[in-house]
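Me: Please take a close look at one part of this structure for me, the empty space enclosed inside it, and explain carefully what surrounds that space.

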Amino acid sequence: MSTHMTSDHQLQLLVGSHLYDNNHEDYNNSTPPFSWRKLWRFTGPGFLMSIAFLDPGNLEGDLQAGASAGYSLLWLLLWTTAIGLLVQLLSARLGVATGRHLAELCREEYPNWAGKLLWVMAELALIGADIQEVIGSAIALSILTHGVLPLWAGVLITAFDCFIFLFLENYNVRKLEALFAFLIAVMAVSFAWMFGETKPNAKELLLGIVVPKLNSKTIQQAVGVVGCMITPHNVFLHSALVQSRKVDPKQTGRVREALRYYSIESTVALTITFVINLFVTTVFAKAFFGTTIADTIGLRNPGQFLEERFGGGLVPILYIWAVGLLAAGQSSTITGTYAGQFIMDGFLNLGLKKWARALITRSCAIVPTLIVALIFDSSEDMLDVLNEWLNVLQSIQFPFALIPLLCLVVKEDLMGVCVIGPVLKTVSCIVAALLIGINGYLLQRFLAEEVSGAGLTCIISVLAVAYVAFIVYLIWRGVTVTTFGFVKVRSQVA
């Protein structure tokens with residue numbers, strides 16, 4: 001009798017355990033319903049990512065596009081933002097699905113020599129972006145102090161400010177995200193004020209967004225808009241920022257939930273950046289398109305030109321421009337330092353403390369920026385030429401972030417249920433080919449105009465061959481190797 005009761009009890013325990021396992025598995029695999037409260041909890045990384053679409057390099061591209069091409073490139077601004085959103089969503093998907101960021105995965109995916117070369121390329125792109133961002137902040141400080149503060153002093157102030165702001169991240173990441181939201185709001189208010197003061201033509205604005213126009217006179221500005229909008233370090237950054245919310249990659253329902261909220265948040269953030277970029281482009285299209293000074297406008301003089309054109313107003317438009325530029329520069333330098341930490345730690349796995357990584361990455365950018373500030377402080381034309389070189393530097397580095405990203409998100413053993421489908425894969429490959437082609441055209445045109453002399457041409461040709469060969473290698477490896485991880489890493493894991 002007791003034996004029979006014991007068997008029944010064991011059977012009940014086994015059935016109960018099986019039911020619990022099934023329910024627990026269903027809980028892990030089912031996507032929870034939408035919640036506004038959870039959306040708020042996941043809000044933050046997308047806005048930090050969106051700062052790269054508003055850095056001083058982008059603002060200079062906006063104002064030059066408006067002054068040189070009028071309203072005709074607004075459609076390109078819209079589609080470039082949409083393409084940028086696609087790339088950033090793929091980066092976020094990679095980070096959420098794997099629990100690791102792009103730089104870490106590249107270290108495991110590629111042979112040591114290729115991983116180190118990818119790291120060098122990422123660092124070069126980051127230094128180029130950082131020079132633009134810090135110089136933009138320094139220019140804004142110089143304007144606000146009536147030129148009392150020289151460019152090099154503004155560079156030093158911006159460098160130290162960056163460490164103060166990063167302290168907030170150690171205190172509470174939500175505080176840092178709130179700071180970025182405030183800086184974006186400052187930019188929105190500043191450039192919206194300028195938009196209201198100048199009153200661009202509404203009809204031409206709408207036509208510029210809806211009707212694509214491109215000709216031989218505006219193609220250089222068009223390529224510049226695309227080249228400066230999507231930056232390599234931002235692709236690395238977003239895959240790391242999403243790690244700030246704890247999501248277990250093994251719980252597919254929770255992963256899908258996180259991707260839903262990150263998609264909504266990133267879309268809202270980049271919509272705001274599109275509107276801000278639209279304000280800047282249309283203001284300068286209204287003010288300077290077709291004028292004799294359209295080709296001379298850079299970051300340093302537009303506020304003065306706008307004030308001469310539209311007057312001082314309640315608040316001088318010169319200072320409104322400077323405040324918006326300062327917010328753009330300060331916010332983008334912080335995200336640049338943030339990205340630099342993830343890139344260094346991910347590729348090299350040095351195990352350094354956060355403050356040490358920040359000090360190293362900041363020094364790598366500040367030293368060349370300080371040299372630039374001392375050399376070009378008195379020459380606006382030279383500063384504009386340097387900015388063009390820096391845009392080219394970032395453009396040619398972009399394939400070394402985009403190709404590894406696309407090669408990783410299609411690997412089912414790495415991504416699991418979050419692997420991208422054939423439609424998204426096809427669209428992503430077309431976008432990648434388009435962006436690489438545009439950047440190649442920008443590089444070819446720029447070198448044709450700026451490079452002269454047999455010796456320099458020979459050196460550039462050798463570097464160009466090596467550059468193309470490395471891109472071909474990355475594509476070849478992505479096509480032929482369908483599983484994640486370099487063979488040595490896989491054997492060690494086994």
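Reply: This is a predicted model, and a good place to begin is the character of the residues around its largest cavity, which divide into 7 nonpolar, 2 polar and 2 charged. That cavity holds about 120 Å³ of space, and the structure has 4 cavities of 30 Å³ or more. Rolling a probe the size of a water molecule over the atoms is what shows where empty space is left.

The wall of the largest cavity is made up of Glu60, Ile131, Gln132, Ile135, Ile139, Leu299, Leu383, Asp384, Leu386, Asn387 and Leu390. Two elements give two or more residues to this lining, namely helix H7, which covers 112–144, and helix H17, which covers 380–397. Of these, H17 supplies the largest share of the lining, with 5 residues.

The second largest cavity, with about 60 Å³ of space, can be read in the same way. Its lining consists of Glu123, Leu126, Ile127, Asp130, Gly336, Thr337, Thr361, Arg362, Cys364 and Ala365. Here the elements that give two or more residues are H7, helix H15 (317–348) and helix H16 (354–376), and the lining residues divide into 4 nonpolar, 3 polar and 3 charged.

Putting the two descriptions side by side, helix H7 gives two or more residues to the lining of the largest cavity and also two or more to that of the second largest cavity, while the nonpolar residues number 7 in the largest cavity and 4 in the second largest.

Technical notes
Residues are numbered from 1 along each chain as its sequence is written. This is a predicted model: local features need pLDDT of at least 70, side-chain atom pairs count only at pLDDT 80 or more; totals for chains, interfaces and linings use all residues. Side-chain values use heavy atoms; hydrogens and water are left out. On a 1 Å grid over the protein atoms alone, a cavity is a set of points where a 1.4 Å probe fits but cannot get out, and a pocket is an open set with protein on both sides within 12 Å along at least five of seven lines; lining residues have an atom within 4 Å of a point. Grid points are joined across faces, edges and corners, and a volume is the space filled by probe spheres set on the points. Ala, Val, Leu, Ile, Met, Phe, Trp, Tyr, Cys and Pro count as nonpolar, Asp, Glu, Lys and Arg as charged, and the others, Gly among them, as polar.
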